[in-house]
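Hi there,

Here is the structure I promised to pass on. Have a look at it first, and then read my notes below.

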Amino acid sequence: MTLYIGREASKLWKRICAETSAESNLFIDNWKYIIAGFVFQYIHGVAARGVHYLHRPGPTLQDLGFFLLPELGQDKAYISEAVFMFVFLSFFLWTFHPFVVKVKKFYTVQIWCRVLAYLVVSQTLQIFTFYSTQLPGPNYHCRPGSKLARLPEPDGVLEVLVINFPQGVIYGCGDLIFSSHMIFTLVFVLTYQKYGTRRYTVNLVVFFVDKKLPELSGRTNGSSLILLPLSTKDKDKWTKEENHKLLNGNSVNPADRRPRSQSNGKNLEDVNINQVDTSMNSTP
């Protein structure tokens, strides 16, 4: 038993060393993107603190979710943060599993480059939205009467640039369109859905559409009235019917024409028609 544990520990250590070497080389090539992603997290925090100065508490907006789901209560507000931290820590640890497991689908550096890119784009959109649309926060510390609902006027720019972590992040107001917690949660869940081996969630809308519809076909210079792509079987069937009509001297309705992929810079429809014309002219 001791020999087995020692042998497995030796394998694990070699695996960690090999993965560390590979990840280090990737980090050297991509460190600028990772650093830029983390710097933007600070920029997003400053933007969220800035909008807190503009927040004006008011009555809670009427929302169907507030009627269907009862409030947890101010004494149980920690449940929301506990659920979010569970998702965050679980995803963070999962991204480092290539260091310890034998079967792996990605490199940790590459997955964090992708995650940070998702976050930067989503948070940029969020900054534009919560500065253009400011609504009263529904959280307890954002309601009228709370000392945290409004921040006093800053004494200088430096006060705005200091985020006051973590209190300034947890007790922020005015930055809920859309929620930062929701951004992180969706990015983490969707990333795991795409690169994970054991899926625990399904993107219902995307999954349904992708399963029911074929992949998008390539675009050509010609216009098309077909809103949904056809399968390869339907395309081949239509091509045979079109050639048959042309050989019999029947016209083809232009509205039925569908774009095809190009080959050697020529449209396959033009090639088929030229072949048909040649065969018709050679017919006695």
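What follows is a short tour of what I found.

First, please keep in mind that this is a predicted model. The protein chain has 284 residues, and 25% of them count as buried. Its secondary structure comes to 10 helices and two strands. If you walk along the sequence, the order is α-α-α-α-α-α-α-α-α-β-β-α. Take the contacts between residues at least 6 apart in sequence: 75% of those join residues at least 24 apart.

The UniProt record, an unreviewed entry, carries the annotation "transmembrane region" for residues 77-99, 111-131 and 169-190. I checked two of these spans against the model. Residues 111-131 are 100% helix and 0% strand, with 30 Å between the end C-alpha atoms. For residues 169-190 the figures are 59% helix and 0% strand, and the end C-alpha atoms are 24 Å apart.

Now to the pair of helices I spent some time on. Helix 4 takes in residues 108-132 and helix 7 residues 180-195; their axes come within 10 Å and cross at roughly 145°. The crossing is right-handed. On the helix 4 side, the residues that meet helix 7 are I111, R114, V115, Y118, L119, S122, Q123 and Q126, and their partners in helix 7 are S180, I183, F184, V187, F188, T191, K194 and Y195. By type, the residues of this contact divide into nine nonpolar, five polar and two charged.

One residue to click on there is V187, which sits in helix 7. Is V187 buried or exposed? V187 counts as buried because its relative accessibility is 7%, and the cut-off for buried is under 20%. Leaving aside neighbours within four places in sequence, V187 is in contact with V115, Y118 and L119. The C-alpha atoms of V187 and S122 are separated by 9.1 Å, though the two residues are 65 apart along the chain.

V187 also turns up in the largest nonpolar core, which has 19 residues; F91, W94, V115, L119, V187 and F188 have the most contacts inside it. Helix 1 (2-54), helix 3 (78-95), helix 4 and helix 7 each give two or more residues to this core. Which helix gives the largest share? That is helix 4, with seven residues. As for F188, its contacts include V87, F88, F91 and V115, not counting residues up to four places away in sequence. Another core lies apart from the largest one; it has five residues, among them F40, A47, V51 and I127.

Last, two residues in helix 1 that make a nice contrast. H44 lies in helix 1, and H44 is buried, with a relative accessible area of 8%. Setting aside residues up to four places away in sequence, H44 touches Q123, Q126, I127 and S180. K32 is in helix 1 as well, but K32 is exposed, because its relative accessible area is 57% and the cut-off for exposed is over 50%. K32 and C113 are 81 residues apart in sequence, and their C-alpha atoms are 9.8 Å apart in space.

If you want a starting point, open the contact of helix 4 with helix 7 and then follow V187 into the largest nonpolar core.

Cheers

Definitions and conventions: Residues numbered from 1 in each chain as written. Predicted model: local features only at pLDDT ≥ 70, side-chain atom pairs only at ≥ 80, totals over all residues. Heavy atoms only, no water. Axes fitted to C-alpha atoms, helices over the stretch in contact; angles between N-to-C directions. Helix = DSSP H or I, 4+ residues; strand = E, 2+ residues; numbered from the N terminus. Left-handed = near helix turned anticlockwise from the far one by under 90°. Contact = heavy atoms within 4.5 Å. Nonpolar A, V, L, I, M, F, W, Y, C, P; charged D, E, K, R; others polar. UniProt positions renumbered as here; feature names shortened; annotations may be inferred. Buried < 20%, exposed > 50% of the residue type's maximum accessible area, 1.4 Å probe, protein only. Core = buried A, V, L, I, M, F, W, Y, C linked by side-chain atoms within 4.5 Å.
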